[in-house]
Amino acid sequence: MQNDKGYIHLYTGNGKGKTTAAFGLALRALCAGRRVYVGQFVKSMKYNETAVEKYFDRIRIEQLGSGCYLDRTPDIRDVEMAREGLSRCRAILASGDYDVVILDEITIAVHYGLITSADVIEALKAKAEGTEVVMTGRYATDELVEASDLVTEMKEIKHYYTRGVLSRDGIDR
């Protein structure tokens with residue numbers, strides 16, 4: 001039985017691997033001939049995973065933030081960029097142009113008050129029927145959990161960062 005409904009996934013929790021899981025799903029979709037859009041809400045630079053654009057012409061990745069604000073207070077520019085980014089993503093969701101839409105770190109934008117869960121849910125309601133959506137980030141609200149069809153919590157059990165070991169670029173960021 002074929003299922004053409006586009007489901008809403010949420011990858012959250014304090015563990016590593018949320019964006020990596022989303023990009024894994026994107027890679028599977030690309031290899032199946034699907035089109036993928038990735039909107040990165042906190043990130044303002046291309047990380048190693050974005051190199052997938054070099055290998056597939058059916059993926060579009062955009063940075064919708066002005067950089068990580070985990071070590072600073074978000075400012076008005078962060079708010080404006082998050083709102084503009086969500087507006088852009090809403091149009092992309094509604095268009096049906098992409099089979100998979102990834103809203104990377106969107107829960108962080110909600111957590112910091114740049115956009116609301118209600119704003120995100122309204123965008124999700126506008127999505128084309130067959131569009132699969134993946135939201136990622138820590139601190140998912142109960143409202144976003146409720147709006148999702150599949151929720152996975154990445155839970156940190158042990159991590160070498162806590163011992164002061166730095167990232168190995170290209171392997172564990």
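Here are some notes on the sheet, a few individual residues and the side-chain pairs of this predicted model.

1. **The sheet.** A good place to begin is the open sheet, whose six strands pair in parallel and follow the order S3-S2-S4-S5-S1-S6. Strand S3 (59-63) and S6 form its edges; each has a single partner strand, so one side of each has no neighbour in the sheet. On average, neighbouring strands of this sheet are turned by 10° against each other, with direction ignored.

2. **The S1 and S6 pairing.** At the S6 edge, strand S1 (residues 8-12) runs parallel to S6 and is joined to it by four bridges. If you would like a residue to look at here, try Tyr11, whose bridge partner in S6 is Thr152.

3. **Val151 in the edge strand.** Strand S6 covers residues 150-153 and includes Val151. How exposed is Val151? Its relative accessible area is 39%, so Val151 counts as partly exposed, a class that lies between the cut-offs of 20% and 50%. Setting aside residues up to four places away in sequence, Val151 touches Leu10 and Val145. Between Val151 and Ala140, the separation is 11 residues in sequence and 9.9 Å in space, C-alpha to C-alpha.

4. **Arg60 at the other edge.** Strand S3 is home to Arg60, which is partly exposed at a relative accessible area of 34%. Which residues does Arg60 contact, beyond its neighbours within four places in sequence? They are Val36, Tyr37, Val38, Glu53, Arg88 and Tyr98. Of these, Tyr37 is 23 residues from Arg60 in sequence, yet the two are 4.9 Å apart in space, C-alpha to C-alpha.

5. **Tyr98 and its partners.** Tyr98 deserves a point of its own. The charged end of Arg35 sits over the Tyr98 ring, 4.7 Å from its centre. Tyr98 is also among the contacts of Arg60 and among those of Thr131. As for ring-to-ring pairs, a search of the whole structure turns up one aromatic pair.

6. **Thr131, just ahead of S5.** The loop between helix H4 (117-125) and S5 contains Thr131. Is this residue buried or exposed? With 2% relative accessibility, Thr131 counts as buried. Leaving aside neighbours within four places in sequence, Thr131 is in contact with Gly6, Tyr7, Leu93, Gly96, Tyr98, Asp99 and Val101.

7. **Two positive phi values.** You may want to look at the backbone of two loop residues. Most residues other than glycine have a negative phi. Glu105, which is not a glycine, has a positive phi of about 65°; Glu105 is in the loop between strand S4 (100-104) and helix H3 (106-111). Tyr139 also has a positive phi, near 60°, and is found in the loop between strand S5 (132-136) and helix H5 (142-147). As for accessibility, Glu105 counts as buried at 17%, because the cut-off for buried is under 20%. Tyr139 is partly exposed, with a relative accessible area of 45%.

8. **Cysteines.** How many disulfides does the structure hold? The count is zero. For reference, a disulfide is a covalent bond between the sulfur atoms of two cysteines. Cys31 counts as exposed, at 59% relative accessibility, whereas Cys89 is buried with a relative accessible area of 0%.

Methods:
Residues numbered from 1 in each chain as written. Predicted model: local features only at pLDDT ≥ 70, side-chain atom pairs only at ≥ 80, totals over all residues. Heavy atoms only, no water. Phe/Tyr/Trp six-rings, centres within 6.5 Å; stacked < 30°, edge-to-face > 60°. Lys NZ or Arg CZ within 6 Å of the ring centre and 35° of its normal. Buried < 20%, exposed > 50% of the residue type's maximum accessible area, 1.4 Å probe, protein only. Contact = heavy atoms within 4.5 Å. Disulfide = S-S within 2.5 Å. Pairing = 2+ DSSP bridges. Axes fitted to C-alpha atoms, helices over the stretch in contact; angles between N-to-C directions.
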